[in-house]
Amino acid sequence: MERLSALSTQRLQACKDNYGSFIEYHIRWNGTKFGVETSFRVYRDNERIGFTQSWLSGADDTAAGTPDNVLSSFPSFDLTHKPPIHLGAVSWFGEFIDNGFLGPSVGTWPDGIEGGRGCGPIALFDRDTDDVIVFAPASEFMIASLEKTTTALRAGILGSVQSVPSEFSVSFTLTFHSDGINNGMMKWGHALLSVTTHLRTFAASTLFSTDMIEITVATNYGKRTDGLAFDFTLQYLGYNTDHGAYYCE
């Protein structure tokens with residue numbers, strides 16, 4: 001493990017992206033063989049913080065243990081303090097066919113969360129209110145990972161990665177919602193898909209009628225949601241088969 005020394009800091013104001021207006025803070029770090037810049041964006045609606053780590057010069061021989069570790073850490077959350085008893089947590093993890101590890105994991109913070117290569121979004125919730133915080137990767141999803149130890153929850157690059165190219169970056173977001181876990185997760189996912197959105201009007205034929213409807217078209221990461229209204233499998237009850245099993249839709 002190599003500790004980096006801070007070279008410079010910078011604060012940018014009056015910034016704006018598709019999520020909204022924000023203030024951004026940059027810190028440049030220097031190691032013996034590489035340089036890294038960390039930054040975080042605090043959005044003015046007080047509902048989102050974005051974290052990014054950028055490898056300015058790239059690095060070789062970066063692997064750090066197993067895929068359940070991370071080779072870099074930003075942000076990192078301290079788990080040594082005693083949390084309030086009403087703070088719950090749910091984390092999504094595992095694979096569809098893996099019978100040993102099926103998510104989500106639900107419990108109190110931080111014992112109720114999972115880390116490692118199969119870890120997905122984490123939601124912290126107040127059991128006395130509808131307040132929810134969702135923490136999850138926001139880019140480079142195949143190598144963005146979370147490592148959980150007894151003392152910290154660390155976000156970074158998958159620990160088995162052998163080298164990191166120059167100018168490579170990975171981002172995470174922390175978003176706040178006040179209307180429960182389900183709605184919080186839906187809003188987080190919608191925001192991730194619809195960084196760039198607009199409304200379009202379609203004549204959509206369903207099983208019962210043909211109506212003019214407005215649909216939000218999401219174009220972030222090349223994804224579009226307008227096709228959902230015309231998906232045959234979403235309009236009619238059906239089933240499919242797979243190796244002798246069948247699934248209702």
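This is a short tour of a predicted model, moving from its largest nonpolar core to one strand and the neighbours of that strand.

Begin by selecting W55, W109, L146 and I157, which are the residues with the most contacts inside the largest nonpolar core, a set of 28 residues. To see where this core draws its members from, colour β4 (48–55), β7 (87–93), β9 (119–126), β11 (144–148), β12 (152–157) and β14 (168–177), each of which gives two or more residues to it. Among these elements β14 gives the most, with four residues. In soluble globular proteins, nonpolar side chains tend to be buried together.

Next, centre the view on W55 and display its surroundings: leaving aside residues up to four places away in sequence, W55 touches F34, G35, V36, L71, S72, I157, V164, P165, S166, E167 and F168. Apart from the core just visited lies another, of nine residues, which can be found by selecting F125, V134, A136 and L192 among its members.

Now return to β4 as a whole, a strand that is mostly covered, with seven of its eight residues buried. On one pairing, β4 runs antiparallel to β3 (residues 35–43), and seven bridges join the two strands; select E37 to find it standing opposite S54 in β4. Following the chain through the hairpin of β3 and β4, where four residues lie between the strands, stop at N46, which takes a positive phi near 60°.

Finally, show β4 together with β14, to which it is joined by eight bridges, again in an antiparallel arrangement. Selecting R48 and T175 displays one such place, since T175 in β14 is the bridge partner of R48.

Key. Residues numbered from 1 in each chain as written. Predicted model: local features only at pLDDT ≥ 70, side-chain atom pairs only at ≥ 80, totals over all residues. Heavy atoms only, no water. Core = buried A, V, L, I, M, F, W, Y, C linked by side-chain atoms within 4.5 Å. Buried < 20%, exposed > 50% of the residue type's maximum accessible area, 1.4 Å probe, protein only. Contact = heavy atoms within 4.5 Å. Pairing = 2+ DSSP bridges.
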